[in-house]
Amino acid sequence: MRVIATKGWQASYADPIRLRAGEAPRLSGREDIWDGHRWLWAVAEDGREGWVPDMLVSPEGRAVREYSALELGCAVGEEMEAVTETHGWTLCRNAEGAEGWVPSRHLRKV
């Protein structure tokens, strides 16, 4: 699906958290609600830390799938391909092929 940025976005973290499926991140106990969705502050085995969607971590404390919190900067009016959406964020691919997360509230379907 094609989307267009209605508001610009800049990436928040230079070296965001990445998790492999089955990895056991350390959860700090910090939580946040973003657009009605629960996020957990996690530390990956490689030491990177950041917010992860609550459903990403199983009750046993393992990542249920691969995940990267890499965000994609974009400008107002930029068209992108929406790959998937979760927890108020959309994974987008821009015209150059770069992928990353953009807040869903900053996007509109084309």
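**Figure 1. P25, a buried proline in a loop.** At 9% relative accessibility, P25 counts as buried, because the cut-off for buried is under 20%. This is a predicted model, so keep in mind that you're looking at a prediction. You'll find P25 in the loop between β2 (18–19) and β3. Who's around P25? Leaving out residues up to four places away in sequence, P25 touches L19, A42, V43, V57, G61 and A63. Now look for E99, which is 74 residues from P25 along the chain. The C-alpha atoms of P25 and E99 are separated by 23 Å.

**Figure 2. The whole chain, strand after strand.** Let's zoom out for a moment. How many helices and how many strands does the protein chain have? The count is 0 helices and 10 strands. Read from the N terminus, the elements go β-β-β-β-β-β-β-β-β-β. The radius of gyration of the protein chain is 14 Å, close to the 13 Å that the globule rule gives for 110 residues, so the chain is as compact as a globular protein of that length. Along its principal axes, the C-alpha trace spans about 40 × 30 × 20 Å. Of the 110 residues, 43% count as buried. On the outside, the chain exposes about 6,200 Å², and carbon and sulfur atoms supply 49% of that area. Take the contacts between residues at least 6 apart in sequence: 59% of them join residues at least 24 apart.

**Figure 3. The largest pocket and its lining.** Here's the largest pocket, with a volume of about 290 Å³. Its lining is made up of 17 residues. Which of them lie nearest the centre of the pocket? Those are Y13, W39, W51, E71 and W89. Sorted by class, the lining has 12 nonpolar, 2 polar and 3 charged residues. As for where the lining comes from, β3 (26–34) and β5 (49–53) each supply at least two residues.

**Figure 4. G100, a glycine with no exposed area.** G100 sits in strand β9, which covers residues 99–103. Is G100 buried or exposed? At 0% relative accessibility, G100 counts as buried. Setting aside neighbours within four places in sequence, G100 is in contact with L70, E71, L72, T90, L91 and C92. One of these contacts, E71, also turns up among the residues nearest the centre of the largest pocket. Try finding W9 too: W9 and G100 are 91 residues apart along the chain, yet their C-alpha atoms are separated by 11 Å.

**Figure 5. R2, at the start of strand β1.** R2 belongs to strand β1, which runs over residues 2–5. At 37% relative accessibility, R2 counts as partly exposed. What does R2 touch beyond its neighbours within four places in sequence? The contacts are E79, M80, E81, R108, K109 and V110. For a sense of distance, check G97, which is 95 residues from R2 along the chain. The C-alpha atoms of R2 and G97 are separated by 14 Å.

**Figure 6. E85, an exposed residue in a strand.** Next up is E85, part of strand β7 (residues 79–86). With 52% relative accessibility, E85 counts as exposed, because the cut-off for exposed is over 50%. Apart from residues up to four places away in sequence, E85 touches T90 and S104. T90 is also a contact of G100, the glycine from Figure 4. V102 is 17 residues from E85 in sequence, and the two are 9.5 Å apart in space, C-alpha to C-alpha.

**Figure 7. D35 and H87, two loop residues with positive phi.** Let's finish with a pair of backbone angles. D35 lies in the loop between β3 and β4 (37–43), and H87 lies in the loop between β7 and β8 (89–93). Phi of D35 is near 50°, a positive value in a residue other than glycine. H87 isn't a glycine either, and its phi is positive as well, at about 55°. What about their exposure? D35 is partly exposed, with a relative accessible area of 42%, whereas H87 is buried, with a relative accessible area of 11%.

Definitions and conventions: Residues are numbered from 1 along each chain as its sequence is written. This is a predicted model: local features need pLDDT of at least 70, side-chain atom pairs count only at pLDDT 80 or more; totals for chains, interfaces and linings use all residues. Side-chain values use heavy atoms; hydrogens and water are left out. On a 1 Å grid over the protein atoms alone, a cavity is a set of points where a 1.4 Å probe fits but cannot get out, and a pocket is an open set with protein on both sides within 12 Å along at least five of seven lines; lining residues have an atom within 4 Å of a point. Grid points are joined across faces, edges and corners, and a volume is the space filled by probe spheres set on the points. Helices (H or I, at least four residues) and strands (E, at least two) are DSSP runs, numbered from the N terminus. Ala, Val, Leu, Ile, Met, Phe, Trp, Tyr, Cys and Pro count as nonpolar, Asp, Glu, Lys and Arg as charged, and the others, Gly among them, as polar. The radius of gyration is taken over C-alpha atoms; the globule rule is 2.2 Å times the number of residues to the power 0.38. Buried means under 20% relative accessible area, exposed over 50%, partly exposed in between (1.4 Å probe, protein chains only). Contact means heavy atoms within 4.5 Å. Accessible areas come from the Shrake-Rupley method with a 1.4 Å probe; for residues, only the protein chains shown count as cover.
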